[in-house]
Amino acid sequence: MPQARTHDHDHAQGHDHSHTPEVGSGNERKVLVAFFITFAFMIVEVAGGLISGSLALLADAGHMLTDAAALALAWAAFRFGRRPADPRRTFGYLRFEVVAGFVNALTLFAIVVWIVYEAWRRLQQPHEVLAGPMLAVAVAGLL
């Protein structure tokens with residue numbers, strides 16, 4: 001069986017390397033571009049969902065909202081994470097990522113509650129869904 005590799009060194013003697021991940025400006029730029037693409041298509045899905053009456057498109061737009069929020073928070077975490085540690089924040093600002101993930105999870109749960117509520121209402125009083133606009137937005141999403 002392969003043995004697990006360990007990271008042995010004596011912290012008491014000091015060392016000259018960091019345990020924090022390095023994030024370059026290229027990573028930040030990619031996350032920002034992904035945010036704008038996700039956010040823009042989320043708007044398209046909201047419009048398509050409202051026009052067609054499709055709860056599926058609105059639900060996916062809600063999911064894309066949490067994706068866009070996660071990307072925006074990741075970008076902000078990259079920016080804050082570059083700030084140096086200080087006596088009050090010994091790990092720097094990297095814990096911001098954990099808080100961002102927590103907020104994203106809470107938002108996702110709130111959207112799920114809304115989807116379940118709206119689905120229940122639609123089971124009680126069905127709405128007509130316009131298949132043409134819904135299909136057009138769905139195909140655009142696939143592309």
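The following paragraphs walk through the fold, one helix pair, a small salt-bridge network and a few individual residues.

The model is predicted. Its chain has 4 helices and 0 strands. Read along the sequence, the elements run α-α-α-α. The chain counts 143 residues, and buried ones make up 23% of them. The exposed surface of the chain comes to about 10500 Å². Carbon and sulfur atoms supply 67% of that surface.

How far apart in sequence are the residues that touch? Take the contacts in the chain between residues at least 6 apart in sequence. Of these, 65% join residues at least 24 apart.

Now turn to one helix pair. Two packed helices are described by two quantities, the angle between their axes and the distance between the axes. Here the partners are α2, residues 55-81, and α3, residues 96-124. Their packing angle is about 170°. Their axes lie 10 Å apart. Angles over 145 degrees count as roughly antiparallel, and α2 and α3 are therefore roughly antiparallel to each other. Sorted by class, the contact of α2 with α3 has 17 nonpolar residues, 5 polar ones and 3 charged ones.

Several residues help to place this pair in the sequence and in space. Gly101 is a residue of helix α3. Its C-alpha is 9.6 Å from the C-alpha of Ala69. Along the sequence, Gly101 and Ala69 are 32 residues apart. Is Gly101 buried, partly exposed or exposed? Its relative accessible area is 39%, so Gly101 is partly exposed.

Phe80 belongs to helix α2. Phe80 and Phe96 are 16 residues apart in sequence, yet their C-alpha atoms are 7.7 Å apart in space. The relative accessible area of Phe80 is 28%. The range for partly exposed runs between 20% and 50%, so Phe80 is partly exposed.

Next comes the loop between α2 and α3, where Arg95 lies. The C-alpha atoms of Arg95 and Gly81 are separated by 8.4 Å. Along the chain, Arg95 and Gly81 are 14 residues apart. Arg95 has 53% relative accessibility. Exposed means over 50%, so Arg95 counts as exposed.

Back in α3, charged side chains come into view. How many salt bridges does the structure hold? There are 2 salt bridges. One joins the side chains of Arg121 and Glu118, at 3.8 Å from N to O. The cut-off for a salt bridge is 4 Å. The other joins the side chains of Arg122 and Glu118, at 3.2 Å from N to O. Glu118, Arg121 and Arg122 are thus linked in a network of salt bridges.

The spacing of these residues fits the helix. Arg121 and Glu118 are 3 residues apart in helix α3, so about one helical turn separates them. Arg122 and Glu118 are 4 residues apart, and both lie in helix α3. That spacing is also about one turn of the helix.

How accessible is the network? Glu118 has 10% relative accessibility. Buried means under 20%, so Glu118 counts as buried. Arg122 is buried too. Arg121 has 39% relative accessibility and so counts as partly exposed.

One last residue takes the reader back to helix α1, which spans residues 25-52. Leu50 is placed in this helix. Is Leu50 buried or exposed? At 62% relative accessibility, Leu50 counts as exposed. Leu50 and Met134 are 84 residues apart along the chain. The C-alpha atoms of Leu50 and Met134 are nonetheless separated by 9.7 Å.

Key. Residues numbered from 1 in each chain as written. Predicted model: local features only at pLDDT ≥ 70, side-chain atom pairs only at ≥ 80, totals over all residues. Heavy atoms only, no water. Axes fitted to C-alpha atoms, helices over the stretch in contact; angles between N-to-C directions. Helix = DSSP H or I, 4+ residues; strand = E, 2+ residues; numbered from the N terminus. Parallel < 35°, antiparallel > 145°, perpendicular 65-115°, else oblique. Nonpolar A, V, L, I, M, F, W, Y, C, P; charged D, E, K, R; others polar. Buried < 20%, exposed > 50% of the residue type's maximum accessible area, 1.4 Å probe, protein only. Contact = heavy atoms within 4.5 Å. Areas by Shrake-Rupley, 256 points an atom, 1.4 Å probe, with all protein chains shown as cover.
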